[in-house]
Amino acid sequence: MHVLVPLVALLLSVSKGFAQRSDITTENCSPSVDLPYPSNTKLPDPFTFADGKKVETKTEWACRKTEIQALLEKYELGTLPPPGATTSAFLDGGRVNVTVTDNGKKISFLATITLPSEGQAPFPAIISLGQHPTIPIPPGVAVIVMPTDMIASQQALFSRGYGLFYDLYGTNHNAGAMAAWAWGVGKLIDALESLTPAVTKINTKRLGATGCSYNGKGALTIGALEPRIALTIAQEGGTGGASCWRIAEALSKAGDRDVQTARQIVTENVWFGTSFDAFADKTDLLPFDHHVLAGLIAPRGLLLLENTDLTALGPQAQWGCMRAAREVWRAFGAEDRLGFSQVGGHRRCQLPEKQRPIVEAYVARFLKDEKVKTGVFETDKVGGYATWVDSEWINWETPRLR
């Protein structure tokens, strides 16, 4: 049985303090995650620490990222296990057998590797969640299929606590399925690194992650939590993915009957941690939103592939949310590393030809180290989003990180 921590208890916990802002380094970064958070209907400022200090340098942003991830784990995703697990692996034909041991318990899973028929090893690779990718894979790129449902089941609400992650850490662990998947991908990468490129033929410095629909939500989360992913391609994730909770909620209250809200998501499946249920109707109390989740990927590569026709996914919420997320890349002077393409006229998870060259460009740049132009930000919605005004959601300034 899962016991939810009351919302008041979550918000009013005792906080830890920061060192003075000028003293923040990678060694003494100690973020605060237990502060009370007032209602905020705007999109929270990525560049302000929980204690009010402003981010001005890349070192400070690294510390702020630590804080953001801790907040996401505590209030939305569920907590990742602390370091300490050991990973071993061996290659069995086209499969890598991964074994993880922690606290005297052991689990194992298989991930399939398909090497390209051309190019020179070690190859860049795209880790695809649960199935073969729904995007085209350019020549010279390997595919690794990660058995996400084996790591953490996502059949419906009854499936919380089922899967290898929970076999290892307990059925009552507070992590949602997506946090568990991120943990699993991390262990897969550990395994690939330990086996070495000479054995696997995989370049672990050039890894991508992709998925569509619920796996699109998962891909975005994995890219945010796993820094060894050089390129994240999240396809049609909708609310809980590229859409911001606050914007989806506002659209719903304004009469959009199709857009999914946080309440609908938490009653649909077990993607998020148990603590998030308390915020499903109070997203204004969250100290983050999904522009900040996406911002954890910066300045690495991120491509969002969305579908204007899928109104339940909240196309306008995606558009506005990723416009806000783009400010994090702008702070690095790297806006062209985030791409957003929203194109309708096709079925879900069937990439239209218009988006094919965009995918190829991002793979070429971030996985094959080719000098190509990226940075598309587009929608094919007729008239665009004429009523969208950034200042109604963004009331903070973007620094240029030095």
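Me: What makes up the lining of the second largest cavity, when its residues are divided into nonpolar, polar and charged?

Reply: In this predicted model, the lining of the second largest cavity divides into 3 nonpolar, 1 polar and 2 charged residues. The residues concerned are Arg160, Ile265, Val266, Asn269, Phe272 and Asp277. Since Asp and Arg count as charged, while Val, Ile and Phe count as nonpolar, Arg160 and Asp277 are the charged members, and Ile265, Val266 and Phe272 are the nonpolar ones. The space in this second largest cavity comes to about 30 Å³.

Me: How many cavities of 30 Å³ or more are there, and what makes such a space a cavity and not a pocket?

Reply: The count is 2 cavities of 30 Å³ or more. The word cavity applies because a 1.4 Å probe fits at the points but cannot get out, whereas a pocket is an open set of points. The largest cavity has a volume of about 40 Å³, and its lining consists of Ser128, Leu129, Gln131, His132, Pro133, Thr134, Thr210, Gly211, Cys212 and Asn215. Two elements, β4 (123–129) and β6 (202–212), each give two or more residues to this lining, and β6 gives the most, with 3 residues. By class, the lining of the largest cavity holds 3 nonpolar, 7 polar and no charged residues.

Me: Which residues lie closest to the centre of the largest pocket, and what makes up its lining by class?

Reply: The largest pocket has a volume of about 290 Å³. Its lining has 15 residues, of which Leu80, Pro81, Trp183, Lys187 and Glu226 are the closest to the centre. By class there are 9 nonpolar, 2 polar and 4 charged residues, and helix α5 (residues 177–195) supplies the largest share, 5 residues. The second largest pocket holds about 220 Å³ of space; it is lined by 16 residues, with Tyr37, Asn40, Pro44, Asp45 and Pro287 nearest its centre, and these 16 divide by class into 8 nonpolar, 4 polar and 4 charged.

Me: Why is the pair of Phe47 and Trp396 called edge-to-face?

Reply: The search of the whole structure finds 16 aromatic pairs. For Phe47 and Trp396, the ring centres are 6.0 Å apart and the planes stand at 70 degrees; because centres within 6.5 Å make a pair and planes over 60 degrees apart count as edge-to-face, the name follows from these values. The pair links distant parts of the chain, with Phe47 in the loop between α1 (7–11) and α2 (58–77) and Trp396 in the segment after β10 (377–379), 349 residues apart. Phe47, at 2% relative accessibility, and Trp396, with a relative accessible area of 9%, both fall under the 20% limit and are therefore buried.

Me: What makes the pair of Phe340 and Phe377 a stacked one?

Reply: The planes of Phe340 and Phe377 are 25 degrees apart, and the rings lie 4.9 Å centre to centre; because planes under 30 degrees apart count as stacked, this pair takes that name. Phe340 lies in strand β9 (residues 338–342) and Phe377 in strand β10, so the pair ties together parts that are 37 residues apart in sequence. Both residues are buried.

Me: How do you know that Arg326 lies over the face of Phe377?

Reply: Arg326 is placed at 4.3 Å from the ring centre of Phe377, and the distance part of the test is met because the limit is 6 Å. By that limit Lys217 also passes for the ring of Trp271, over whose face it lies at 5.2 Å from the ring centre.

Me: Why do Thr204 and Ala280 count as buried?

Reply: Thr204 has a relative accessible area of 10% and Ala280 has 1%; because buried means under 20%, each value satisfies the definition. Thr204 is found in strand β6 and, not counting residues up to four places away in sequence, touches Leu192, Glu193 and Arg228. Ala280 is in the loop between α9 (262–266) and α10 (290–295), and, leaving aside neighbours within four places in sequence, Ala280 is in contact with Ala262, Arg263 and Val266. Val266 also belongs to the lining of the second largest cavity.

Technical notes
Residues are numbered from 1 along each chain as its sequence is written. This is a predicted model: local features need pLDDT of at least 70, side-chain atom pairs count only at pLDDT 80 or more; totals for chains, interfaces and linings use all residues. Side-chain values use heavy atoms; hydrogens and water are left out. On a 1 Å grid over the protein atoms alone, a cavity is a set of points where a 1.4 Å probe fits but cannot get out, and a pocket is an open set with protein on both sides within 12 Å along at least five of seven lines; lining residues have an atom within 4 Å of a point. Grid points are joined across faces, edges and corners, and a volume is the space filled by probe spheres set on the points. Helices (H or I, at least four residues) and strands (E, at least two) are DSSP runs, numbered from the N terminus. Buried means under 20% relative accessible area, exposed over 50%, partly exposed in between (1.4 Å probe, protein chains only). A charge sits over a ring if NZ of Lys or CZ of Arg is within 6 Å of the ring centre and within 35 degrees of the ring normal. Contact means heavy atoms within 4.5 Å.
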